[in-house]
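Colleague: I should be grateful for a close look at a single part of this model, namely the packing of one pair of helices and what lies around it. Please set it out as one connected account.

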Amino acid sequence: MFVKIMITCKKATEYILKSEDGDLTNSQKRSLWFHLIICRMCKRFDRQNTLLNAALNKKVGASSKLSDDDKNKMIRSMVEEKND
Amino acid sequence: MKQQEEVGEHQATEWVNTHGDALYAFAVTRIKDKELSKDLVQETFIAAWKGFKQFRGEASVKSWLFSILKNKIADHFRRQKWSATEIGDYNDQDPFFDAHEHWAKTTSPKTWEDGADTLLENQEFYKVLDYCQGKLNTIQRAVFSLKYVEEMGTDMITDELNLSQANYWVIMHRAKLQLRACMESNWFITR
C-alpha cells in the first residue's frame, strides 16, 4: 500500500500540471499530496508553475500584423484571379 | 471593362485592409509560422473572392472569411504529422530527471527570490518570458498560445491541433519544464 502511493518527481510534476484541469483521480490526488509533503523540489516546481501561469495569463501577446507589401500582394493575387 | 476591374480592385483592397490583420493574427496564434500563415490568409482571400457569387450575404464578409480560414487551418493540422521529436515521448530520457525519475542535481528547481506581485508588473520580466517561450518548438508554442492567449481548454486545443490527449500532456509537461528552467537561469539566478 505504501509503495503504491509513492510517485516519482517526473510523475508528480505531470500531476501538478494535470491538476490545473481538475484531471486527477482521487488516488492520483493523494499520491501528489503526499509527494509534495516530502519533496521540496516538486513543491518549488508547483509554486513556480503557479507564478509562470499568472505571468502567461497576464502577458498580452504582441498582435501580429501584415506589412503593406503583404497586403498589396494579396490584393494583386485576388485581382489577377478574377481576371482569369 | 476597365471600370469593372477598378471596382474589383477597390473591393479587394477594402477586404484586405479591413480583415487582413485580424485573419493573419488568428492564423499566427495557431500555426506559429508567419510565412505559412500569410499563405493561408492569401488563399482565404482568393477562395472568398472566387466564391463571391455564392456568397449571399447571409453572414457578414468577416465571418465568411473566418470560416474559410478556419477550414484551411483545420486542413493544415489534419495533414500535419507532428514528428516524434517535436512531441517527445514520456519515456524519453530528458535532462530534468535522473534514471530514477527524480530531479537531476543540476536542473532541479532552485529558490526564486522575487515576489510575484512586483514581478508581474515588471516589463523586463516579460521580455525574458518572451525569450524563453521563443525557445520552445513549434507545437509547444502553438499549445501555449491557444491555452494562454486564446484561453482554450484542453479538449479544444487537442481538437484544433489534431493531437491525442496523451500527446498534449507530454508536450505541455516538457514545455513547462523547459520554460521553468529557462526562466530560472535567465531571470532568477542571474539577478
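Modeller: In this predicted model, the axes of α7(B) and α9(B) lie 10 Å apart, and the two helices pack at an angle of about 95 degrees. Because angles of 65 to 115 degrees count as roughly perpendicular, α7(B) is roughly perpendicular to α9(B). The residues that meet are I139(B), Q140(B), V143(B) and F144(B) from α7(B), and Y168(B), I171(B), M172(B) and A175(B) from α9(B). Sorted by class, this contact comprises seven nonpolar residues and one polar residue, with no charged ones.

The pair also has a part in the surroundings of α6(B). Both α7 and α9 of chain B are among the elements that cover the buried residues of α6(B), together with α4 (40-58) of chain A. The residues so covered are L129(B), C132(B) and Q133(B). When α6(B) is viewed down its axis, these buried residues fall within an arc of 100 degrees, so they line one face of the helix. The other side of α6(B) carries the exposed residues Q123(B), E124(B), K127(B), D130(B) and G134(B). As to its geometry, α6(B) is a helix of twelve residues that reaches 17 Å from its first C-alpha to its last, close to the 16 Å expected at 1.5 Å a residue.

The presence of a chain A helix in that cover leads to the interface. There, 42 residues of chain B are in contact with 36 residues of chain A. On the chain B side, the elements that give two or more residues are α1 (2-31), α2 (34-50), α6 (123-134), α7 (138-149) and α9 (165-188). Thus α6, α7 and α9 of chain B, already described, each appear in that list. The most is given by α1(B), with eleven residues. By class, the side of chain B that touches chain A holds 23 nonpolar, twelve polar and seven charged residues.

The setting of these helices is the fold of chain B as a whole. Chain B has nine helices and zero strands, and along the sequence the pattern reads α-α-α-α-α-α-α-α-α. Of its 191 residues, 30% count as buried. Among the contacts in chain B between residues at least 6 apart in sequence, 67% join residues at least 24 apart.

How values were computed:
Residues numbered from 1 in each chain as written. Chains lettered and ligands numbered in written order. Predicted model: local features only at pLDDT ≥ 70, side-chain atom pairs only at ≥ 80, totals over all residues. Contact = placed C-beta atoms within 7 Å. Helix = DSSP H or I, 4+ residues; strand = E, 2+ residues; numbered from the N terminus. Nonpolar A, V, L, I, M, F, W, Y, C, P; charged D, E, K, R; others polar. Expected span 1.5 Å × (residues − 1). Buried ≥ 20, exposed ≤ 12 C-beta atoms within 10 Å, placed from the backbone. Arc of directions from axis to C-beta. Axes fitted to C-alpha atoms, helices over the stretch in contact; angles between N-to-C directions. Parallel < 35°, antiparallel > 145°, perpendicular 65-115°, else oblique.
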